[in-house]
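This briefing sets out the overall build of one protein chain and then turns to its enclosed and open spaces. Please read it with the sequence and the structure side by side.

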Amino acid sequence: MTDVFAAIMAAHGAIRPQVPVSPLERSGQLSQELGCEVWLKCDHLLPIGAFKVRGATNKIHVLGEAARKTGVVTASTGNHGMAAAWAGSRAGVPVTVYVPASAVRSKLDAIERLGGRLVVVDGPAIEAELQARRFGVEHGVPYISPYNDADIVAGQGTIGVEIAEQAGADVLDAVFVCVGGGGLAGGLGTAIKQLSPRTRVVGVWPRNSVCMLRALEAGRIVDVEEQPTLSDATAGAVEQGSITFPICQRVIDDRITVTEAEIAAAMRAVASAERWMVEGAAGVALAGLMQRKDEWRGKKVAVVLCGRNIGLDRFVQAVGGSTGMTTATAGT
């Protein structure tokens, strides 16, 4: 863990000033409704609207001058591709992004606007990942994994450093974070365990997409059938041999799954309390706290709002219904 932490601390400096420190803000309304001190880590306010810009910027920095000659290739359901395109454009590095045909159209459009070249692949996200890797090997182009890469994990881990520094002497009791491939949870958790060891790291999954959770339960990476989820940013299989698996084994203390209804309720709660439109993956983290609010009553907790990249129509559809409901009925 010490090597991972050292890489995180190096990334903490390397990604500045391109990636600013995101705010850690207390939510008065959510604190009142949930009965605990709720602090929101606002990575949805970062460039491209998601935490992924941390890892991508660090990876492009580490690759350096060589990447300007070859370009880089990656695979993504949206946010990672946007982050790679954004970081690449600022460093003069061409970026090719393989995406599954099922990816959200608005995110694909954003990748192209940011300068990325799209290659659309039929089949699940893992197929886009495999084809991108194959292209990289055949053409001598560095492949940037969305999560299975030490430099990506280090970049994502800077969020944990920021949280610990922003909380200061008033130690957090827990940090709630969504889990997909494990880059965010693993990096954040590593930093938190070093800088604030009393703080529990709570991993939250959409019940429809639990690949890393099933791997943690089985003690090895296993095949898991997935269902569509509002949390498309965390969807997709975890590849065999992923470095994030043993990291998540070490740093995730508690595991929670949430339903699609709970995710939508959490997205609506953020909109009601803070007037922010966040994506499903951000809703996942808050949904975990809403479901377990009685366990954290009177405590101080942080919730990672990891992104805001959701189309308006999809957001409205997700949060539609009883506009009077904020947190009271979540978890029922």
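The points below run from the chain as a whole to its cavity, its pockets and one buried residue. The model is a predicted one, and the values given here are computed from its atoms or, where stated, taken from a record.

**Overall build**

- The protein chain contains 14 helices and ten strands, and its C-alpha trace extends over about 55 × 40 × 40 Å along the principal axes.
- For 332 residues a compact globule would be expected to have a radius of gyration near 20 Å, and the 18 Å found for the protein chain agrees with that.
- Of the 332 residues in the protein chain, 58% are buried.

**Annotated domain**

- An unreviewed UniProt entry carries the annotation "domain: Tryptophan synthase beta chain-like PALP", which covers residues 17–307.
- Within residues 17–307 the chain is 47% helix and 17% strand, while the C-alpha atoms at the two ends of this stretch are 20 Å apart.

**The cavity**

- The count of cavities of 30 Å³ or more comes to one, and the volume of the largest cavity is about 380 Å³.
- The largest cavity is lined by 29 residues, and those closest to its centre are K52, P146, Y147, A233 and A235.
- Three elements, namely α5 (79–91), α7 (125–139) and α9 (183–195), give two or more residues to the lining of the largest cavity.
- In terms of residue class, the lining of the largest cavity is made up of 15 nonpolar, twelve polar and two charged residues.
- Where does the largest cavity lie with respect to domain 1 and domain 2? Residues of its lining come both from domain 1 (1–51 + 149–320) and from domain 2 (52–139), so the cavity lies between them.

**The largest pocket**

- The largest pocket holds about 370 Å³ of space, and its lining consists of 19 residues, with S102, A125, E226, A235 and G236 lying nearest its centre.
- A235 is listed among the residues closest to the centre of the largest cavity and is also one of those nearest the centre of the largest pocket.
- Domain 1 (1–51 + 149–320) and domain 2 (52–139) each contribute at least three residues to the lining of the largest pocket.
- By class, the lining of the largest pocket comprises eleven nonpolar, six polar and two charged residues.

**The second largest pocket**

- The second largest pocket has about 190 Å³ of space, and the residues that line it include A14, Q18, T57, I60, H61 and G64, together with R68, W86, A87, R90, A91 and V93.
- Both α3 (52–63) and α5 supply at least two residues of the lining of the second largest pocket, and the largest share, four residues, is that of α5.
- The element α5 (79–91) also gives two or more residues to the lining of the largest cavity.
- The lining of the second largest pocket divides by class into six nonpolar, four polar and two charged residues.

**A buried methionine**

- Is M212, which belongs to helix α10 (residues 211–218), buried or exposed? With a relative accessible area of 0%, M212 is buried.
- M212 and N58 are 154 residues apart along the chain, and their C-alpha atoms are separated by 24 Å.

Conventions: Residues numbered from 1 in each chain as written. Predicted model: local features only at pLDDT ≥ 70, side-chain atom pairs only at ≥ 80, totals over all residues. Heavy atoms only, no water. UniProt positions renumbered as here; feature names shortened; annotations may be inferred. 1 Å grid on protein atoms, 1.4 Å probe; cavity = no way out; pocket = protein on both sides within 12 Å on 5 of 7 lines; lining within 4 Å. Points joined across faces, edges and corners; volume = space filled by probe spheres on them. Nonpolar A, V, L, I, M, F, W, Y, C, P; charged D, E, K, R; others polar. Domains from an automatic or database assignment. Rg over C-alpha atoms; globule rule 2.2 N^0.38 Å. Buried < 20%, exposed > 50% of the residue type's maximum accessible area, 1.4 Å probe, protein only.
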